[in-house]
Amino acid sequence: MKKLIVSFLVTIMAVMSFTIFRVQALEPDTTNQLYPLRKPSGPSYWDTSNPSEWALSDATGKIHAKFTLPAHTSLMEFKDGIGIVRNSKAYKWGLIDDKGKIIVNYKYDYISSFFEGFACFRQGGKYGFIDKKGNEVIKAQFDSCGGFKFGRAVASINKKYGMIDRTGKWIIKPEFDGISYFPWTQQYSNDPILIKQGDYYGYIDSKGNIVIPPKFVRAQEFSEGLAAVQEQGKQLGYINWNGYYVILPQFYYATPFYNGIAYVSAWKVDGKTLGGALINKKGEWIVPPGDFAPFAGDAKGSEGILSFPTYAPDSLAYVGAVNTKGEIIIPAKFESIGLFYNGIAMVRLHGGQEGFINTKGEYVVEPTYFGSFKSEYGALTFRNGLYAINGGLDGYLDYKGKLVIPPYR
């Protein structure tokens, strides 16, 4: 796990948004998914100097398609029957189908992931949207765009931001200095939407009406009905949809709520940090601050288990895990611990080895995975319910560490 970082809204706006590195482990969903496999053609997965042979396998290891990509071409993503490809020499992007056939030639300057069947593309300095057949459903006309969720997406023109529907029509006119609306963070269709006007942040409804005036110097998107905000000269607190404080301003750091838990940090009376710990939605301490400062910097655990780092004299973070009572159940000895599913999580050692543990920290799969080419980026990457070994060069594991898709040789 790497140190907590403040993540600014890329291409949309700068606003308070907190993320932390975590090896992903979610409930496996392999239904109707195909997984890309690549034959070795160079020293690593990232070497695309030569033409490369690929295959698409289902979760049982059955090959459904074989194809070749030109030199300097990478398969950036494959999900739900569509693949996004990029030619690094021409700096152009395209699409392939579930047979590996090109359905959109290398003509775009960029193609995003698909959300609600649409992907944002850039061409000639402007942005528009394509569907999964490669049709340009919304012509390139915007200065920037985001992914669709609940039938709406952020777009900007002339340095002003609004929201469009699936036809490209403005449903919120482009009159704001920023709008924070990411598909993967939107929980409810009627959540207030975070906007920026001048130096301040506020919230609008889905029609563009201001429901909480821009008066905050920092603000987050709503999560589980609450949002952390900060007014000038005050600390951070949490407001509800009506803009009223449910948890009074008292923190210098706060994360969104997840499963009713948030991580916050406060100050002592003498001005020194009290450290960070966990609160519930009433603002009550679940885990009192002190012992785990800076704790995980993130309350997004799973199955009642949250990871936390400690920093050793060698400046490395050693990660362990606690339960929601603050009891240490896994000693701090890993570089990172992923989210648990059915009592199993992926872990990484500082040497790069990766494996799987149970809730006692015992190895279910010894940390031996590097990939054939000892990838410096780590061997295992969560992809559509399975773990790609070395980007798919060495097959895929299920969440128990069993090799379910063998390498393509």
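Q: What makes a residue count as buried here, and what share of the protein is buried?
A: Buried means under 20% relative accessible area, exposed means over 50%, and partly exposed lies in between, using a 1.4 Å probe and protein chains only. By that cut-off, buried residues make up 51% of the 409 residues in the protein. A quick word on the source: this is a predicted model, where local features need pLDDT of at least 70 and side-chain atom pairs count only at pLDDT 80 or more, while totals for chains, interfaces and linings use all residues. Residues are numbered from 1 along each chain as its sequence is written, and side-chain values use heavy atoms, with hydrogens and water left out.

Q: How many helices and strands does the protein have?
A: Zero helices and 38 strands. Both are DSSP runs numbered from the N terminus: helices are H or I with at least four residues, strands are E with at least two.

Q: What makes β3, β4 and β5 a sheet, and why are two of its strands called edges?
A: Two strands pair if DSSP finds at least two bridges between them. β4 (residues 52-57) and β5 have six bridges in the antiparallel sense, so they pass that test. S57, for instance, has I63 in β5 as its bridge partner. The three strands form an open sheet in the order β3-β4-β5, with antiparallel pairing. β3 (35-38) and β5 (63-69) each have a single partner strand, so one side of each is left without a neighbour in the sheet.

Q: How do you know that β31 and β32 pair?
A: Two bridges join β31 to β32 (residues 344-348), and these strands run antiparallel. I337 stands opposite V347 in β32. They belong to an open antiparallel sheet of four strands, ordered β31-β32-β33-β34. Here β31 (336-337) and β34 (363-369) are the edges, since each has a single partner strand.

Q: Why is β8 called largely enclosed?
A: Four of the five residues of β8 (residues 92-96) are buried, so the rest of the structure largely encloses this strand. Five bridges join β7 (residues 82-87) to β8 in an antiparallel run, and I84 has L95 as its bridge partner in β8. β8 also pairs with β9 (residues 102-108) over three antiparallel bridges, with I102 in β9 as the partner of I96.

Q: Which turn residues of these two hairpins have a positive phi?
A: In the hairpin of β7 and β8, with four residues between the strands, Y91 takes a positive phi near 55°. The hairpin of β8 and β9 has five residues in between, and G100 in its turn has a positive phi of about 85°.

Q: Why is the link between C120 and C145 called a disulfide?
A: A disulfide is a pair of cysteine sulfur atoms within 2.5 Å. C120 and C145 are 1.5 Å apart, S to S, so they fit that cut-off. The pair links distant parts of the chain, C120 in β11 (residues 118-123) and C145 in β14 (residues 144-145), 25 residues apart. Both cysteines are buried. The structure holds one disulfide. The torsion about its S-S bond is about 45°, so the disulfide is right-handed.

Q: How do you know that R152 has no salt bridge?
A: A salt bridge needs a side-chain nitrogen of Lys or Arg within 4 Å of a carboxyl oxygen of Asp or Glu. For R152, which is buried, the nearest side chain of opposite charge, D191, is 8.0 Å away, so no salt bridge is counted. R152 is found in the loop between β14 and β15 (153-157).

Terms used
Lys and Arg count as positive and Asp and Glu as negative; His and the chain ends are not counted.
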